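Okay, thanks for squeezing me in. Could everybody pull up the structure before I start talking?

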Amino acid sequence: LLAGTGIGTIFVDHKLNILRFTPAVTRIINLISGDTGRPVGHIVSNMVNYNSLVLDIENVLSTLVPKEIEVTTTDEKSYLMRIQPYRTLENVIEGAVISFVDTTEIRLIRERLHKADELSRLAIVVRDSSDAIIVEDLSGKIIAWNPGAEMLYGWSEGEAFLMNSRQRIPQELKSKDSKKIS
């Protein structure tokens with residue numbers, strides 16, 4: 001049942017010895033079946049910049065207050081790690097359960113939203129500027145044309161998107177540049 005959830009989970013006793021774990025947790029903490037009974041502090045983890053697992057488990061067991069921490073692994077996956085007291089059916093604290101829920105997609109969506117927010121702020125500045133602002137790709141295709149550019153050049157945004165930047169250069173200037181090059 002636990003293995004089928006896809007959620008990485010480790011059960012430890014009061015001495016922080018591993019009681020059992022799900023296969024999904026092996027992507028986060030390097031566990032093999034022979035690690036059952038070993039102290040969780042002796043196991044190498046793939047978590048980056050997080051070294052207080054033993055301390056956090058001990059704190060949860062002494063206070064009975066669950067703890068949640070966002071952790072990242074060496075393969076750049078993000079997880080919400082929860083450490084909670086492990087209770088039996090008789091409501092006796094037998095140890096702690098550490099679970100890892102994959103939040104990588106949520107982190108990526110947050111990052112995309114942050115970038116989109118930055119871009120929308122920049123777009124507002126560009127749109128509201130009285131200066132002509134033009135954005136082109138490397139081939140010279142116009143991909144952004146603000147109202148200031150419309151006033152300066154006289155072409156609408158729709159017309160500008162159909163143009164290449166070379167078309168804005170007056171013919172007499174094009175011929176001067178070609179003479180300088182040769």
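I'll go through the strands, then the rings, then the charged pairs, and end with a surface patch.

Ground rules: this is a predicted model, so local features need pLDDT of at least 70, side-chain atom pairs count only at pLDDT 80 or more, and totals for chains, interfaces and linings use all residues. Residues are numbered from 1 along each chain as its sequence is written, and side-chain values use heavy atoms, with hydrogens and water left out.

Let's start with the strands. When I say helix or strand, I mean DSSP runs numbered from the N terminus: H or I with at least four residues for helices, E with at least two for strands. Two strands pair if DSSP finds at least two bridges between them.

Take β6, residues 93-102. Seven of its 10 residues are buried, so by the cut-offs they are under 20% relative accessible area; over 50% is exposed, in between is partly exposed, with a 1.4 Å probe and protein chains only. β6 pairs with β1, residues 8-13, in the antiparallel sense over six bridges. If you want a landmark there, glycine 8 has phenylalanine 100 in β6 as its bridge partner.

β6 also pairs with β5, residues 78-87, again antiparallel, over nine bridges. Two places to click on: tyrosine 86 stands opposite glycine 95, and leucine 80 stands opposite valine 101. The β5 and β6 hairpin has five residues between the strands, and asparagine 91 there takes a positive phi near 65°.

β5 is mostly covered too, with seven of its 10 residues buried. It is joined by six bridges to β4, residues 67-73, and those two run antiparallel. The hairpin of β4 and β5 has four residues between the strands, and this time glutamate 76 has the positive phi, near 65°.

Now the rings. How many aromatic pairs does a search of the whole structure find? Five, where a pair means ring centres of Phe, Tyr or Trp (its six-membered ring) within 6.5 Å; planes under 30 degrees apart are stacked, over 60 edge-to-face, and the rest tilted. One of them is phenylalanine 11 with tyrosine 86, edge-to-face, at 4.9 Å centre to centre and 65° between the planes. Phenylalanine 11 is in strand β1 and tyrosine 86 in strand β5, so this pair ties together parts that are 75 residues apart in sequence. Both rings belong to buried residues: phenylalanine 11 at 9% relative accessibility, tyrosine 86 at 15%.

Then there's tyrosine 153 with tryptophan 155: their ring centres are 6.1 Å apart and their planes are at 10°, so that one is stacked. Here tyrosine 153 is partly exposed at 34%, and tryptophan 155 is partly exposed at 27%. Ring pairs link Trp145 with these two into a cluster.

Back to phenylalanine 11 for a second. Which charged end sits over its ring? That of arginine 20, 4.7 Å from the ring centre. The test for that is NZ of Lys or CZ of Arg within 6 Å of the ring centre and within 35 degrees of the ring normal.

On to charge pairs. The search finds five salt bridges in the whole structure, each being a side-chain nitrogen of Lys or Arg within 4 Å of a carboxyl oxygen of Asp or Glu. Glutamate 68 and arginine 82 make one of them, with the closest N and O atoms 2.7 Å apart. Glutamate 68 is in strand β4 and arginine 82 in strand β5, 14 residues apart. They're also bridge partners across the strands, and arginine 82 is partly exposed at 30%.

Two more are in helix α2, residues 104-128. Glutamate 111 and arginine 107 come to 3.1 Å, and they lie four residues apart in α2, about one turn of the helix. Aspartate 117 and arginine 121 meet at 2.3 Å, N to O, also four residues apart in α2. Aspartate 117 is partly exposed at 34%, as is arginine 121 at 48%.

Last stop, the surface. Leu119, Leu122 and Val125 form a nonpolar patch with about 310 Å² of accessible area together. Patch members have over 30% relative accessible area and no salt bridge; like charges are joined within 9 Å, and nonpolar side chains (Val, Leu, Ile, Met, Phe, Trp, Tyr) within 5 Å. The areas are Shrake-Rupley with a 1.4 Å probe, and for residues only the protein chains shown count as cover. Valine 125 sits in α2 and is exposed, at 55%.
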